[in-house]
Amino acid sequence: MWRAVPPVYSPISIGALPAALVSRGAAAREEVERRIRAELGPRDLVLTDTGTSALRLALEVCARERPGPVALPAYGCYDLLSAVHGAGVEIAFYDVTPETLGPDFSSLERALREGAGTVVIAHLFGIPVDMGEVRALASAHGALVVEDAAQGIGGALGDRPLGSLGDLSVLSFARGKGRTGGSGGALLSYFPEPPPWWQPVENLHSGGGRARSLVAMAAAWTLTRPSAYRIPLSIPGLGLGETHYREPRDPGGMPSHAATVLSASWALASRESGHRRTVAARYSDWLAARPDAHVTAIRAPEGATPGYLRFPVLCADADVPGAAVRLGIVRGYPRPLPTVGTGRSASRRDTDTRGAGILASRLVTLPTHSRLAERDVRQVRAWLERAK
């Protein structure tokens, strides 16, 4: 009765927390840069305080290279809007296909025909977007592609890892993103030569907040255990599982303490990716064997390896009772982006976003992380059998 499973979990090396208390200088950030280069191979990169900051910087520099609205998916994390509003660029929303979470390509092409100079795609919950089709459309219209791989750890298209497929790509190392330093992000450039705007982007001030950040990470390390997660889950003021729009703030650099924790936890996060795929395969196999079930798994592109930060499914509706929440089952983002914050007023045109509306009303995600016990997986499956 007391046990509760968090919907996501990012492993943290507890031994890194004391080291992060005294970390100074650039050595920790240089190690993170080395790891990113080895894994993703960018031409240039800059570490930021958040993934939202990295996306904002990407949009600002794309606006210089390709003036015009930003083609933004009509469904996704609300931080997409925060980044766009912070960059001060206009939005042309395109719809999303519920069965894949990827773009409705006819809707995306309309946005490009109407003048969008940048396309943002997001690999929601680690499900890869068909980047070949995106790149072909963008190239035909002279647009740049910004790949938001904040949720893409462990995923790939063919032999290319997510985070290496845009003109610019964005990573996030916040808690709950699979690989974490408690905070942090990165902007990666795949342009053949450093563009003239790159050097100013690198000059970011790295903020403080060391003690508070490390306390929060220690609490997360402790309280995301199913034996303890019921404590924060029962405190209404924490707003666990809620999705809110956050006002833009100026970008900063990655603090050294976040880089220290991130680097020390890198291998743990890589192993965690394999575990998530194993759990996701069990969900997939069960749903495939139950064609009469009222739940449908999201379909990945051919040749893709999803990272499965969470396992997304479509239900008849996204109402999730408290007992299911305690199993780590939560609904997706509850509103299409054109209806969030100032999204509607920022949009260049009215767009048919029926796909985004379906996802807002029907998308539910299942936990995949290593803190799930076998009994948790069985209970999630039992919930799927009852879901309508």
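Where does F125 lie? F125 sits in the loop that runs between strand 4 and helix 6 (131-140). Keep in mind as you look around that this is a predicted model.

**Two loop residues with positive phi**

Most residues other than glycine have a negative phi. F125 goes the other way, with a phi near 60°. L101 has a positive phi too, near 70°, and L101 is found in the loop between strand 3 and helix 5. Are these two residues buried or exposed? With burial meaning a relative accessible area under 20%, F125 counts as buried because its value is 0%. L101 is buried as well, at 5%.

| Residue | Phi | Relative accessible area |
|---|---|---|
| L101 | near 70° | 5% |
| F125 | near 60° | 0% |

**The sheet**

Now for the strands on either side of those loops. Strands of a sheet pair through backbone hydrogen bonds, either parallel or antiparallel. Here you'll find an open sheet of 7 strands with mixed pairing, and its order reads 1-9-8-5-4-2-3. Which strands stand at the edges? They are strand 1 (44-48) and strand 3 (91-94); each has a single partner strand, so one side of each is left without a neighbour in the sheet. On average, neighbouring strands are turned by 20° against each other, ignoring direction.

Further in, take strand 5 (residues 144-148) and strand 8 (residues 168-172): they run parallel and are joined by 3 bridges. If you want a spot to zoom in on, E147 stands opposite S169 in strand 8.

There's also a helix to look at here. Helix 5 (residues 105-113) lies across strand 2 (70-73), strand 3 and strand 4 (118-122). Its direction is at about 160° to that of strand 3.

**A pair of helices**

Two packed helices are described by the angle between their axes and the distance between the axes. For helix 11 (residues 266-288) and helix 15 (residues 374-386), the axes come within 11 Å and cross at roughly 30°. That makes helix 11 roughly parallel to helix 15, since angles under 35 degrees count that way. The crossing is right-handed.

Which residues of helix 11 meet helix 15? They are R282, Y283 and W286, and on the helix 15 side they meet E374, V377, V380, R381, L384 and E385. Sorted by class, this contact has 5 nonpolar and 4 charged residues, with no polar ones.

Definitions and conventions: Residues numbered from 1 in each chain as written. Predicted model: local features only at pLDDT ≥ 70, side-chain atom pairs only at ≥ 80, totals over all residues. Heavy atoms only, no water. Axes fitted to C-alpha atoms, helices over the stretch in contact; angles between N-to-C directions. Helix = DSSP H or I, 4+ residues; strand = E, 2+ residues; numbered from the N terminus. Parallel < 35°, antiparallel > 145°, perpendicular 65-115°, else oblique. Left-handed = near helix turned anticlockwise from the far one by under 90°. Contact = heavy atoms within 4.5 Å. Nonpolar A, V, L, I, M, F, W, Y, C, P; charged D, E, K, R; others polar. Pairing = 2+ DSSP bridges. Buried < 20%, exposed > 50% of the residue type's maximum accessible area, 1.4 Å probe, protein only.
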